[in-house]
Amino acid sequence: MAKKNQILIAYAVATLTAFCYVVIRAIHMDVTYDEAWTIRSFVPVDVINIIRYEPCDANNHMLNTLLIKLFFITGDHSLFVARIPNILAFILYCYFGYRIVSQYLSPLIGICCYLLLLFNPFVLDFFSLARGYGLSLGFLIASLYYLIAYIIAYKPVYAIWAITCGMFAVLSNFSVLNYWLVFCLMITIFSFFNKQLNFKKTFLYTVSGSVILALLIYEPIRKLKANGNLYYGGNKDFYSDTLTSLAKYSFYTSETNAFIVYSLNIFLIILVVSCISSFFYNRSLISPKSMFIFITLISAFSVIMQHLLLDTLYLIDRTALFFYPLFILTLCFSLNDLKDRWYTKITTALITVAFVINFTNKANLIKTALWYFDAHSSETLGWLNEVGKRRHKVLNIYYSWPLQSSFGYYFEENKYPYLKVKEVTEANKYRPYSDFYIYLTQPLDKVDYNANEPKPFLSPRTLVREYPHEHIKIYSDVISH
């Protein structure tokens, strides 16, 4: 009993720590590019147009946008309120993650698996943001839990819940459609080969869910493809694009170095060896472990084949985020089948310690891994507004275009009477005079931002403030300074 209480306390402490981290970040972090875009461009439109994707852009995560609009009915249109749906999704993620690992894994591997699911700084980013990725992870974990419950307890209601949660995961983020297709295949195959499951009912539920989902997402996806909005992704291969991007952003960096490559390769070796070895101890093909292995493998295969046959892009970083819990659950359920041997315990503990140390080193309350450049937007504009106030002058400011979304959001919210955005016209585009220039010094290849753009520096400028970790420099025109 004492040991059981200690385990429960460990789960509680881990959950409370992660939840507080998510909430505090949701309160303190500045708005990010995509959040500002969603709140300003999609939330204000009618519900029917949100669903129909008018205006059309991949930035509109349907369920997320609808939920923000719902919460805004309260009259509070603050950034924190816009982030509440994903905070609630984190509760869902924790609850069903706990249910999975505590019910189906040994105590040691269970708590380690839970820590691995929670303490990835890149994953936790999205539960503090007003985007659809956190919602999709919460519903995906719930879908996996009910899928396991169905193949073990044989209750049709579990199949209905698994399908429903899977549908909500897709509506939160269309990239999870890769999971949905494999999920439908797996639940159908498992019910066909297990005579204790009702195949006809399961097939009917799956087809019904797929038809409803198709009616909701076919037209948006058609529009996105026709308008060229599905441009975010990679063109190399699944390893270089999908896996490497997940690995590097889990280390909270946009650079791929030797350490990240070695770490990823070691993780993959442990994963493959654990999966293969586990079948020497548990050869059942209708089990939670087999389910996770099949879903993960076929999902990866699906992404590869779509690229080869349909010329779609490989999923990268945030669009590939749903692979993270799949890889972790596959690893831990495979290790669990190795029957608590000493090398299993050591391997699980070492991986968990490494992940927790990485989280401890990268944890912060001000920025995200992908939109780090937005971390000081409100502070920068507030400071410049004070400079203008002291000078009794409305300052012209100019900035690198990746900052336009967050800056636009704060201009709408706070007005800034002493600031004016310098409009770049055909006549002045080669020498856009401004009192201050906010410069993002790091290129963003995936969105075609060239940091070496020379035109703001054709006039002499002086560096007056810098945020080196976020690659932001603020320059003053020499004359005005």
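## Exercises on a predicted chain

Met62, Leu63, Asn64, Thr65, Ile68 and Phe72 are the buried residues (buried means under 20% relative accessible area, exposed over 50%, partly exposed in between, with a 1.4 Å probe and protein chains only) in helix α4, residues 62–72. Helices (H or I, at least four residues) and strands (E, at least two) are DSSP runs, numbered from the N terminus.

Before you start: this is a predicted model, where local features need pLDDT of at least 70, side-chain atom pairs count only at pLDDT 80 or more, and totals for chains, interfaces and linings use all residues. Residues are numbered from 1 along each chain as its sequence is written, and side-chain values use heavy atoms, leaving out hydrogens and water.

**Exercise 1. Find the helices that the buried residues of α4 pack against.**

Step one: look for contacts, meaning heavy atoms within 4.5 Å. Step two: list the partners, which are α2 (33–41), α3 (47–52), α5 (79–104), α8 (133–153), α9 and α11.

**Exercise 2. Work out how α9 and α11 pack.**

Start with the geometry: α9 (residues 156–172) and α11 (residues 199–226) pack at about 15 degrees, with axes 10 Å apart. Axes here are lines fitted to C-alpha atoms, for helices over the stretch in contact, and angles run from 0 to 180 degrees between N-to-C directions.

Next, name the arrangement. Angles under 35 degrees count as roughly parallel, over 145 as roughly antiparallel, 65 to 115 as roughly perpendicular and the rest as oblique. So α9 and α11 are roughly parallel to each other. Their crossing is right-handed; that's the clockwise case, where the near helix is turned from the far one by less than a right angle, while anticlockwise would be left-handed.

Now pick out the residues. From α9 come Pro156, Ala159, Ile160, Ile163, Met167, Val170 and Leu171, and they meet Tyr205, Thr206, Gly209, Ile212, Leu213, Leu216 and Ile217 of α11. Sort them and you get 12 nonpolar, two polar and no charged (Ala, Val, Leu, Ile, Met, Phe, Trp, Tyr, Cys and Pro count as nonpolar, Asp, Glu, Lys and Arg as charged, and the others, Gly among them, as polar). As for spacing, an α-helix has 3.6 residues a turn, so residues three or four places apart point the same way.

**Exercise 3. Is Tyr53 buried or exposed, and where does Tyr53 lie?**

First, place it: Tyr53 lies in the loop between α3 and α4. Then check the backbone: phi is positive, about 60 degrees, although Tyr53 is not a glycine. Finally, the area: at 2% relative accessible area, Tyr53 is buried.

That loop also holds Pro55, which a cis peptide bond joins to Glu54, with omega about 5 degrees.

**Exercise 4. Do the same for Lys415: is Lys415 buried or exposed?**

Lys415 sits in the loop between α18 (404–414) and β2 (419–421). Its phi is positive too, about 70 degrees, and Lys415 is not a glycine. With 60% relative accessibility, Lys415 counts as exposed.

**Exercise 5. Track down the neighbours of Leu117.**

Begin with helix α6 (residues 107–118), the place of Leu117. Leu117 is buried, at 1% relative accessible area. Skip residues up to four places away in sequence, and Leu117 touches Tyr93, Gly97, Val101, Val123, Tyr324, Pro325, Ile328 and Leu329. Try one distance as well: Thr352 is 235 residues away along the chain, yet the two C-alpha atoms are separated by 9.9 Å.
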